[in-house]
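Please open the structure in your viewer and keep the sequence panel beside it. This tour proposes one selection after another and says what is to be found at each stop.

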Amino acid sequence: MLIGISSQFSRGGNRMGAQKSIHAGKAKIDVNVDLTHKLCASLMLTPFRSTGSPLSLVIGSLYIKHPNLFGGSEKLDVSLDKGLYDSNVLIAYRRPRPEWLAQQSFVIQHSIAPEIGVHGVPMDNFSRSGSGGVNLSRLAVGLDLNEPASTKWSSTTSIKFEHIRPLSDDGRSISRDFDGFPVTCSGSSHDNMVVLRQESRYAKANDHSFCRLSLQIEQGIPVLSKWLIFNRFKFIASKGLKLGPAFLLTSLTGGSIVGDMAPYQAFAIGGLGSLRGYGEGAVGSGRSCLVANNELTFPLHKMLEGAIFLDCGTDLGSGIYVPGNPALRQGKPGCGLGLGYGLRFKSQFGHFQVDYAVNAFQQKTVYFGISNLAS
């Protein structure tokens, strides 16, 4: 068998790093080492505070793809992201099936990341959140099923075993936080659960508007007596409307959880992608939540847009029902309002964003961000 290897250094829209393709017969393995400095963020944005360090800096990424693993068009995807404070490893194996059947993927994933949304400590009038000394190690093994999409609806179903282990900042297993309250539902150093997850998505668009709806339901299955039993529901509804040269985007996010619950499962409110002007989870963390986002963008130049926004959110008084009541102990208000303005710059290298936000405590925050173009 002849094996050919080609490599190149790429720099531009989506990545900066080395790319290598390995050809083995009809098979091809693509290896990408991504050295682009990025941040973890919601909505594909990378948030910085103007006076602080990045939330989570990715210093290296590795992607390996094999489109024909055993000669029957089986696909293997392996990705590794390593940051200063977090890491994520994902292995997915897919077998070909007829288009009218659900596409199956066997998935193994392991991640380690700081748990800031619930256990983070609000600082500077709730404009940012510091570490609360709790990190989560997550191992998930299971099956993903992607249903064939109809004209407007699509759905994904998965069933996975999850093993979650809280860690201290120095990597030791912990069962309690700094105040002595349990950080797991079981009270031990880890939680186990089997989670059946179903997500349905609706999308409709025309030249003047669009609407999207996402419905997510998670059910904890009691395979063993000590495993978590819960039902978690979340929805995201968004509407976009063209108003002359301007564009109005409004969205509503909400959710609730009943049954067994660990503190890290609470809905965290605050931060970019949630409620701007506040740190991650600095508004509240509860069994329920409701967050509304409104943003009006308008053209300033060919590639430059201005924006004004208004965000608000509440935990609906459910913070006291989270085990250990971390929100009350950290003095989180439970509801908040943030408003501000920003700039959006679109180029062939990516979309750049700057936001200036003020929260209800008159604390000002500046966010810088970049979203890379699609591969």
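How many bridges join E9 to strand E12, and in which direction do the two run? Select residues 103-114 for strand E9 and residues 135-146 for strand E12: 12 bridges join E9 to E12, and the two run antiparallel. Two strands are said to pair if DSSP finds at least two bridges between them, while the elements themselves are DSSP runs, numbered from the N terminus, with helices (H or I) of at least four residues and strands (E) of at least two.

Before going further, please note that this is a predicted model, in which local features need pLDDT of at least 70 and side-chain atom pairs count only at pLDDT 80 or more, whereas totals for chains, interfaces and linings use all residues. Residues are numbered from 1 along each chain as its sequence is written, and side-chain values use heavy atoms, with hydrogens and water left out.

**The whole chain**

With the protein chain selected, you have one helix and 24 strands on display. Of its 375 residues, 40% are buried, a word that here means under 20% relative accessible area, with exposed meaning over 50% and partly exposed anything in between (1.4 Å probe, protein chains only). The chain's accessible surface, computed by the Shrake-Rupley method with a 1.4 Å probe and with only the protein chains shown counting as cover for residues, comes to about 19,600 Å², and 62% of that belongs to carbon and sulfur atoms. When contact is taken as heavy atoms within 4.5 Å, 53% of the contacts between residues at least 6 apart in sequence join residues at least 24 apart.

**Along the paired strands**

Return to E9 and select Gln104, which stands opposite Leu145 in E12. From E12, move on to E13, which is joined to E12 by 12 bridges and runs antiparallel to it; a hairpin with six residues between the two strands is formed here. In this pair, Gly142 has Lys160 in E13 as its bridge partner.

Going the other way from E9, select strand E8 (residues 87-94), which eight bridges join to E9, again antiparallel. Here Leu90 has Gln109 in E9 as its bridge partner. Strand E7 (residues 75-83) is in turn joined to E8 by eight bridges and runs antiparallel to it, with a hairpin of three residues connecting E7 to E8. Two positions to label are Leu80, whose bridge partner in E8 is Val89, and Lys82, which stands opposite Ser87 in E8.

Stay in E7 for Asp81, which is partly exposed because its relative accessible area is 22%. Leaving aside neighbours within four places in sequence, Asp81 is in contact with Gly60, Ser61, Tyr63, Asp86, Ser87 and Asn88. If you draw a C-alpha to C-alpha distance from Asp81 to Tyr63, the two are 8.8 Å apart in space and 18 residues apart in sequence.

**A serine in E11**

Is Ser129, in strand E11 (residues 128-130), buried or exposed? Ser129 counts as buried because its relative accessibility is 18%. Its side chain reaches the backbone oxygen of Glu280 at 2.8 Å. Not counting residues up to four places away in sequence, Ser129 touches Ile116, Val121, Pro122, Gly279, Glu280 and Ala282.

**The loop after E13**

Next, select Arg176, in the loop between strand E13 (153-167) and strand E14 (191-205). Arg176 counts as partly exposed because its relative accessibility is 45%. Its side chain reaches the backbone oxygen of Gly180 at 2.8 Å, and, beyond four places in sequence, Arg176 touches Phe181, Pro182 and Val183. Gly187 lies 11 residues from Arg176 in sequence and 8.1 Å away in space, C-alpha to C-alpha.

**The largest nonpolar core**

A nonpolar core is a set of buried Ala, Val, Leu, Ile, Met, Phe, Trp, Tyr and Cys residues joined through side-chain atoms within 4.5 Å. The largest one has 22 residues, of which Met193, Phe230, Tyr264, Ile269 and Tyr278 touch the most other members. Two or more residues of this core come from each of E14, strand E18 (267-269) and strand E20 (288-299). Finish by selecting Tyr278, whose contacts, not counting residues up to four places away in sequence, include Phe126, Gly270, Val283, Leu337, Phe361 and Tyr367.

Key. A polar contact is a pair of N or O atoms within 3.5 Å; within protein, one must be able to donate a hydrogen and the other to accept it, and residues adjacent in sequence count only if both atoms are side-chain atoms.
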